[in-house]
Amino acid sequence: MAFLCINGLTFFLTYSIFSAVLGMLQFGYNTGVINAPEKNIENFMKDVYKDRYGEDISEEFIQQLYSVAVSIFAIGGMLGGFSGGWMANRFGRKGGLLLNNVLGISGACLMGFTKVSHSYEMLFLGRFIIGVNCGLNTSLVPMYISEIAPLNLRGGLGTVNQLAVTVGLLLSQVLGIEQILGTNDGWPILLGLAICPAILQLILLPVCPESPRYLLITKQWEEEARRALRRLRASGSVDEDIEEMRAEERAQQAESHISTMELICSSTLRPPLIIGIVMQLSQQFSGINAVFYYSTSLFMSSGLTEESAKFATIGIGAIMVVMTLVSIPLMDRTGRRTLHLYGLGGMFIFSIFITISFLIKEFFGYVQEMIDWMSYLSVVATLGFVVFFAVGPGSIPWMITAELFSQGPRPSAMAIAVLVNWMANFVVGIGFPSMKTALDNYTFLPFSVFLAIFWIFTYKKVPETKNKTFEEILALFRHNNGRSMLNCTNSLEPQSMNSGIEHAALMVSEEKTQHDSLRK
């Protein structure tokens, strides 16, 4: 069979990536789907409560119930994300993704039948289960894609994760408008449509190969790894890929089977782990999920009508998709660190503009022309905020965490990073309504402070991982030795790089031996 091959991007590699990123589309869809039908879901909860208890529910309690429906998704995500490393090693990257679809189908069915069962507890359970599914996806999908992609495409293809998330978000926002499924009768179907990505992945993914890295390094099945690589690269010559994996295997033999506690306790692996965690926090505490979960009500509070607010929310989704497409070629041209700095800086500026738009409404609210003008400023500032999120913090934290670690500690590192991401997601989801009530017009100022802190951390501590193998990245941390990582990036020679790898492996080996002896 003849394959289209452009700079290593073959037809079968494209097919495998498409099949895998359906899991991230699922994540994006379920993040955004709860936004538009907020009033419909609240009305349903009011009806159920009145039928059960014979009295009206208070507005404060209905908001608490709705925030539970929003944030319980993140609790499931924490559980799924933290289980991702174990699942990846136990069943493989592809095997884990296939099994995970059972949860996706179950959660979608529960949400879809919520109204028929006349039980908002079923909505909570469905959101929790689909959260576990999405948490596993956020761990397994980036891992699978980073391990099947050739080195020169790893950055651009890693961005496809975020592209799938944004497409899922946009899809949920479009389907959630009143003219389609954003109605009292349509919202259960809207939530239940989460079954589609799970079923599609069950159909498409079985044809794809398992991760060659997993087959070679974890399972020691070289022939199967070569077969998988030949299909993915559309070439019989895969010795270079095998040699890169063998080099990684040699470098991390001493650090194989790194448990979560050993990863946390290892002084060699702690710097990249801290960077991975802070990068995940920079994504969630940037305030982007406050926009995703509550953008419709945010726009309404700035003066837009409900219908206009929903269309402005669709604009957010459309801009996310476009900007993520723009960032794909930039990822390997400009570099991860540079794009992340641009993204955080732009978000900081526009978060200030969002606050200004709220303040203008407060002080000039009696002037109708000023209200109209301020509404547009609020929308433009929010769209600008989202543009810069898509440029950097949207995709880079997922990618860079997978790139900072070699095969041994990678599953545990991904599990910790994903757990942190979902914990922060939960904090924003459950806390933003209360924060909005308490801070009113200054709601986005805490996010502005966080963005400034994350920008400084990225500038001072995060190395550039563009076009570097996992071993070269590990060597950066060993050679750092108290110096700026950025200064080291351009000064490492191949010979010193190899010695750094060996030294790193030796250090982890010594730490592991000490840890084992203490445990005994």
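Here are a few short exercises on this predicted model, each with a worked solution.

**Exercise 1. Place Ala 234 in the fold, and work out whether it is buried or exposed.**

Solution. Start with the chain. Ala 234 sits in the loop that joins helix H11 (222–233) to helix H12 (239–252). Next, look at its surface. The relative accessible area is 34%, and partly exposed covers the range between under 20% (buried) and over 50% (exposed), so Ala 234 is partly exposed. Last, check for a partner from elsewhere in the sequence. Phe 12 is 222 residues away along the chain, yet its C-alpha atom is 7.7 Å from that of Ala 234.

**Exercise 2. Find the residues of the nonpolar surface patch, and say which helix gives the largest share.**

Solution. Go through the members: Phe 348, Ile 349, Ile 352, Phe 353, Ile 356, Leu 439, Tyr 442 and Leu 445. Together they make a patch of about 610 Å². Now sort by helix. Five residues come from helix H16 (residues 336–364), and that's the largest share. Leu 445, for its part, belongs to helix H20 (residues 445–461). To get into a patch, a residue needs over 30% relative accessible area. Leu 445 has 32%, so it counts as partly exposed. Phe 353 is partly exposed too, at 36%.

**Exercise 3. Classify the ring pair Phe 350 and Phe 353, then do the pair Phe 385 and Phe 444.**

Solution. The model has 17 aromatic pairs. Take Phe 350 and Phe 353: the ring centres are 6.0 Å apart and the planes meet at 50°, which makes the pair tilted. Both residues are in helix H16, three residues apart, or about one turn of the helix.

Now the other pair. Phe 385 and Phe 444 have ring centres 5.9 Å apart, and their planes stand at 90°. Edge-to-face needs over 60 degrees, so this pair is edge-to-face. The pair ties together distant parts of the chain, 59 residues apart: Phe 385 is in helix H17 (residues 368–391), while Phe 444 is in the loop between helix H19 (410–439) and H20. Both Phe 385 and Phe 444 are buried. Finally, widen the view: Phe 385 and Phe 444 join Phe 432 and Phe 447 in one aromatic cluster.

**Exercise 4. Which ring does Arg 52 lie over, and which ring does Arg 90 lie over?**

Solution. Arg 52 lies over the face of Tyr 120, 4.9 Å from the ring centre. Arg 90 covers the face of Phe 91, at 5.1 Å from the ring centre.

Terms used. Residues numbered from 1 in each chain as written. Predicted model: local features only at pLDDT ≥ 70, side-chain atom pairs only at ≥ 80, totals over all residues. Heavy atoms only, no water. Helix = DSSP H or I, 4+ residues; strand = E, 2+ residues; numbered from the N terminus. Buried < 20%, exposed > 50% of the residue type's maximum accessible area, 1.4 Å probe, protein only. Patch = residues over 30% accessible without salt bridge, like charges linked within 9 Å, V, L, I, M, F, W, Y side chains within 5 Å. Areas by Shrake-Rupley, 256 points an atom, 1.4 Å probe, with all protein chains shown as cover. Salt bridge = Lys/Arg side-chain N within 4 Å of Asp/Glu carboxyl O. Phe/Tyr/Trp six-rings, centres within 6.5 Å; stacked < 30°, edge-to-face > 60°. Lys NZ or Arg CZ within 6 Å of the ring centre and 35° of its normal.
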